[in-house]
Amino acid sequence: MNKSTSPNHTNSKAIEQSSKPSWKQISLPLDNSKMIAFVRQLDKPVFLDGTYIDGAANYQIVSGSPIKTLRDENLDATNDDFKTQISELENLAKQIPQPPSTMEALPFTAGLAGFVSYEYGAYQNIDFCHEQNTAKHEIEIDNLLPTIYIGLFTWSLVKNLSTRTSYLTFSPLCPPKEREKIQRYLNNSNPDNEALYKDDYFKIYWHKTLSKQNYRQQVAKIKDYILAGDCYQVNFTQRFEAKSDIDTLDYYQHLASKTKTPYSCYLSLGDNRQLLSFSPEQFIGINNKLVSTKPIKGTIANTGKESGK
């Protein structure tokens, strides 16, 4: 094992493999304001924020500059070109080896991150509907965000908020120039001024996009579906819109501090489009190949007894 240090960081540990890029992990001090300032400098950053998770180790996970992305803007995800893109992304992700056991075990070091919309999922299964000839055309596409966006990230900055330790990890797929740039960004990350803003700065006036008449029509349609046996439950939502010049990362910090949701995320697609997500539920979790689901809707305690007894 060869140890190396950068000018402003200590406790570096790297696994060297000839002259090719290898795994490298750096332990460094990092407070929240510097973390946000670092995110602000990144290209297409993803920031997974577990600040308010109770009863377990909670982490903040940051990465950026994905080497390849998969995105679909128009739900046309069944064509051969899109399937080829999926295959290429999967094959590239498989090139990232498991981190060495000598490195700190973290929930994420490098790999895939992104989001999949409900519309994308519905489109993949719509052929099972008896109204398949028209159902696809009923899916609204607003073009505000792609229906699926997944990036392959070759490095990560992870902060364990329980132990207050942070680790910058580079995978073998992260080239030397990218490593130098990331460490330069960290060195130049000055604390943000978000705390100086008052609540009035973040006031946004939202308006609904669904009229009262249209809302009633949709509810009536849902009732018809339930009576026909096509479904037993529908989570009916509507979109609210607003115009604002507020910086989205500032707005994310503000909302996160107000909502204190345990599963939050800031994701930038790099073309002036960002996703700010705040969820009280972990829909699906995977740990050591054990899959768990904890949706709020319909979740009851498991007593170990059969229903009705």
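## Packing and geometry of helix H7

In this predicted model, the buried residues of H7 pack against four elements, namely helix H1 (32-41), strand E3 (46-49), strand E12 (263-268) and strand E13 (274-279). The buried residues in question are Leu 249, Asp 250, Tyr 251, Tyr 252, Gln 253, His 254 and Ala 256, a list in which Asp 250, Gln 253 and His 254 appear alongside Leu 249 and Ala 256.

The helix itself covers residues 248-259, and its 12 residues reach 16 Å from the first C-alpha to the last, close to the 16 Å expected at 1.5 Å a residue. At the N-terminal end, H7 is capped by Asp 247, which places a side-chain oxygen 3.0 Å from the backbone nitrogen of Leu 249; Leu 249 is also one of the buried residues of the helix. At the other end, H7 is followed by Lys 260, a residue with a positive phi, near 50°.

## Strand E3 and its partners

Strand E3, against which buried residues of H7 pack, is joined by four bridges to strand E4 (residues 59-63), and these two strands run antiparallel. Within this pairing, Asp 49 has Gln 60 of E4 as its bridge partner.

E3 is likewise joined to E12 by four bridges, again in an antiparallel arrangement, with Val 46 standing opposite Leu 267 in E12. Both E3 and E12 are therefore strands that pair with each other and that also receive the packing of buried residues from H7.

## The surroundings of Arg 239

Arg 239 is found in the loop between helix H6 (212-228) and strand E11 (240-241), and it counts as partly exposed because its relative accessibility is 35%, which lies between the 20% and 50% limits. The side chain of Arg 239 makes a polar contact of 2.8 Å with the side chain of Glu 241.

The chain also brings Arg 239 into a spatial relation with Trp 206: the two residues are 33 residues apart along the chain, and their C-alpha atoms are separated by 9.7 Å.

## Cysteines and disulfides

How many disulfides does a search of the whole structure find? The search finds zero, and cysteines of this model can still be described by their accessibility. Cys 174 counts as buried because its relative accessibility is 0%, under the 20% limit, whereas Cys 231, with a relative accessible area of 23%, is partly exposed because that value falls between 20% and 50%.

Note on methods:
Residues are numbered from 1 along each chain as its sequence is written. This is a predicted model: local features need pLDDT of at least 70, side-chain atom pairs count only at pLDDT 80 or more; totals for chains, interfaces and linings use all residues. Side-chain values use heavy atoms; hydrogens and water are left out. The expected span of a helix is 1.5 Å times one less than its number of residues. Buried means under 20% relative accessible area, exposed over 50%, partly exposed in between (1.4 Å probe, protein chains only). Contact means heavy atoms within 4.5 Å. A polar contact is a pair of N or O atoms within 3.5 Å; within protein, one must be able to donate a hydrogen and the other to accept it, and residues adjacent in sequence count only if both atoms are side-chain atoms. A disulfide is a pair of cysteine sulfur atoms within 2.5 Å.
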